[in-house]
Amino acid sequence: MEKVRTGIFGAGSMSGKIMETMHRVENIEPVAIASRSEERARKFADKYKLPKAYGSYVDLLNDPGIDMVYIATPNSEHASQMKMCLEMGKAVFCEKPFTMDLHEAEEVLELARSKNLFVGEAIWTRYMPLYKEIQDLKNSAALGKITAVTANLGYPVWERERIHKPELGGGAHMDVGIYPLTFIDAAVGMDYSEFHTIAHKVKGVDQVCSIVLYYKEKGIIATILNSVAGPSDRQGIIYGTEGYAIAENINNFESIRIYNKEHECVKEIMPPEQFSGYEYELEAAARAVIAGQTECEEVPHKKILGMMEVMEEIYSDLKK
């Protein structure tokens, strides 16, 4: 297999961004779109130059010319659709969050193991070149001993219907919270000793929330601010005894700047030229499928389960 023949579930704006990128990824051949609306599927196929359009997810899965499915549907559909793909012999790459809770994630991954099929989570920041640079800062002499981390992400998306529906995985934590957590995981890990949350709730979901993670043994405090009410600066900052590092846009890294104790920038790390940023995750998933692997090296199943457990733990506290 030289190219992974790929279909996509969902005809929304995210699917469009992914499909535009698929056409530029050498190891993927974009083939088909499936939507509950055949008319919408055909319009999407025409726009993004796909040879096949299906008004049913099952019809796409019955196509023997599809190797992998990218799922870009609402959060609440992820688990059932991944199971459907796996049962019908298709590799599957799913948008974040992987599932609505840890139990669903465990069921999906167990099914993938039993079928010996690839399944991965498309959390794009983990596949980006600058993510590895952030991981390397753990042992940076320029920062010294890390004492604190902050990360925030906010977008003015409250008017989108799914955002204020708990059954669709709405709220700030479930919609954007995985990205600040992923940044903190790269910087200091997820072995915190305790956490605390506070939220401003509207229509039963957290419109704005803050999370504090305390790493007692490491002497580190990490703080998160998530919002679906308005924009934020999207920065992630790692503070150390010798300096600090500022990552611009933790949802699509634009730069990392390292400062010394005198607040002088001593190093700047820029990302390579990219098309959309989604190419890294797509290339990684296709490489794994071509190699016959069942998981991505960048986001192994153990990491998916670990982060789902953290997301669920925090979400349970936010709902109180």
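A crossover counts as right-handed if, with the strands pointing away from the viewer, the path from the first strand over the helix to the second runs clockwise. Keep that picture in mind for the first close-up, and remember throughout that this is a predicted model.

**View 1. A right-handed β-α-β unit brings together strand 1, helix 1 and strand 2.** The unit is built from strand 1 (residues 4-9), helix 1 (residues 13-22) and strand 2 (residues 28-34). The two strands pair in the parallel sense, with 6 bridges between them. To find your way along this pairing, look for Ile8, whose bridge partner in strand 2 is Ile33.

**View 2. Strand 1 also pairs with strand 4, and most of strand 1 is covered.** Here strand 4 (residues 68-71) joins strand 1 through 4 bridges, again in the parallel sense. A handy landmark is Phe9, which stands opposite Ile71 of strand 4. Of the 6 residues in strand 1, 5 are buried.

**View 3. An open, mixed sheet is made of 8 strands.** Reading across the sheet, the strand order is 8-9-10-7-11-12-13-14. Strand 8 (194-202) and strand 14 (265-269) form the edges, each pairing on one side only. On average, neighbouring strands in this sheet are turned by 10 degrees against each other, ignoring direction.

**View 4. Strand 11 and strand 12 run antiparallel within this part of the model.** Strand 11 covers residues 236-240 and strand 12 covers residues 243-248, and 4 bridges join them. One residue to pick out is Ile238, whose bridge partner in strand 12 is Ala245.

**View 5. Helix 8 and helix 10 meet the strands of the sheet.** Helix 8 (residues 178-188) lies across strand 7 (146-154), strand 9 (205-215), strand 10 (220-227), strand 11 and strand 12. The helix runs at about 160 degrees to strand 7. Helix 10 (residues 301-318) packs on the sheet too, where it touches strand 8 and strand 9. The direction of helix 10 makes about 55 degrees with that of strand 8.

**View 6. Cysteines appear here without any disulfide, as the structure holds 0 of them.** Take Cys94: its nearest cysteine sulfur belongs to Cys85 and is 8.8 Å away, whereas a disulfide needs the two sulfur atoms within 2.5 Å. Is Cys94 buried or exposed? Cys94 counts as buried because its relative accessibility is 0%, and the cut-off for buried is under 20%. Cys265 has 42% relative accessibility, so this residue counts as partly exposed.

Note on methods
Residues are numbered from 1 along each chain as its sequence is written. This is a predicted model: local features need pLDDT of at least 70, side-chain atom pairs count only at pLDDT 80 or more; totals for chains, interfaces and linings use all residues. Side-chain values use heavy atoms; hydrogens and water are left out. Two strands pair if DSSP finds at least two bridges between them. Helices (H or I, at least four residues) and strands (E, at least two) are DSSP runs, numbered from the N terminus. Axes are lines fitted to C-alpha atoms, for helices over the stretch in contact, and angles run from 0 to 180 degrees between N-to-C directions. Contact means heavy atoms within 4.5 Å. Buried means under 20% relative accessible area, exposed over 50%, partly exposed in between (1.4 Å probe, protein chains only).
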